[in-house]
Amino acid sequence: MPSGRGWRISEDDLDLLGLRYAFDAVVSSARVGVAKPDRRIYEIAAEHAGVPMDRCLFTDDRLENVEAARKLGMTAVHFRSPDDLHEALAPLLDGGHGPVSPS
């Protein structure tokens, strides 16, 4: 989830918004002591989700973080607007079961 531009979304925020169910895992860099774009934060996220890197969708507003995720095999979306994320998720949101394509 994007955390730049001076804002962060916490687990409590997700609970308040009723969105906690939408994520397999939430990894806080403050809690694990590793920050993006360090490869370990992506590995920790995949491990917490219980899936290989190529089954993860990563979104961020900082291109360097998106590129780091892609290099590790994640599907990664450079978040500049909600349309970016919607386009990447459309196959899943529309009931399809096809792969999410990176932007």
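**View 1. R62 is partly exposed, with a relative accessible area of 44%, and pairs with E64.** This is a predicted model, and here we look in on one of its charged pairs. The side chains of R62 and E64 form a salt bridge, with 2.2 Å from N to O. Like R62, its partner E64 counts as partly exposed, in this case at 38% relative accessible area. Side chains of opposite charge can pair when their charged atoms come close. Residue E64 also falls in the stretch 63–71, which is helix 4. That helix is where the chain's confidence peaks, at a mean pLDDT of 96.

**View 2. R39 and E43 join up within helix 3.** What separates these two residues along helix 3? They sit four residues apart, so about one helical turn lies between them. Their side chains meet in a salt bridge at 2.8 Å, N to O. Residue R39 has 47% relative accessible area and is partly exposed. E43, at 31%, is partly exposed too. The helix itself covers residues 39–49.

**View 3. D84 is a buried acid with an arginine partner.** The relative accessible area of D84 is 14%, under the 20% cut-off, so this residue counts as buried. Its side chain forms a salt bridge with R80, at 3.2 Å from N to O. How many salt bridges does the structure hold? The count is five, and the R80 pairing is one of them.

**View 4. E11 is tucked away in helix 1.** Is E11 buried or exposed? With a relative accessible area of 12%, E11 is buried. Leaving out residues up to four places away in sequence, E11 touches R20, V26, S28 and R31. S28 lies 17 residues from E11 along the chain, and their C-alpha atoms are 8.5 Å apart. A word of caution: helix 1, residues 11–17, has the lowest confidence quoted for an element here, a mean of 78.

**View 5. A nonpolar patch gathers L17, L19, Y21 and F23 at the surface.** Together, these four residues offer about 450 Å² of accessible area. L19 belongs to the loop that links helix 1 to helix 2 (29–32). At 34% relative accessibility, L19 is partly exposed. For scale, the accessible surface of the protein chain is about 6800 Å², with 52% of that on carbon and sulfur atoms.

**View 6. Pulling back, the protein chain runs α-α-α-β-α-β-α from the N terminus.** That gives five helices and two strands. Out of 103 residues, 29% are buried. Take the contacts between residues at least 6 apart in sequence: 33% of them join residues at least 24 apart.

**View 7. The two ends of the chain call for care.** Mean pLDDT for the chain is 80, and 80% of the residues reach 70 or more. Residues 1–6, though, have pLDDT below 50, with 18 contacts in the model beyond near neighbours in sequence. Residues 98–103 likewise stay under 50, and here the model has 18 contacts beyond four places in sequence. Where pLDDT is low, the predicted coordinates should not be read in detail.

Notes: Residues are numbered from 1 along each chain as its sequence is written. Side-chain values use heavy atoms; hydrogens and water are left out. pLDDT is the predictor's confidence in each residue, from 0 to 100. Contact means heavy atoms within 4.5 Å. Buried means under 20% relative accessible area, exposed over 50%, partly exposed in between (1.4 Å probe, protein chains only). Accessible areas come from the Shrake-Rupley method with a 1.4 Å probe; for residues, only the protein chains shown count as cover. Patches are made of residues with over 30% relative accessible area and no salt bridge: like charges are joined within 9 Å, nonpolar side chains (Val, Leu, Ile, Met, Phe, Trp, Tyr) within 5 Å.
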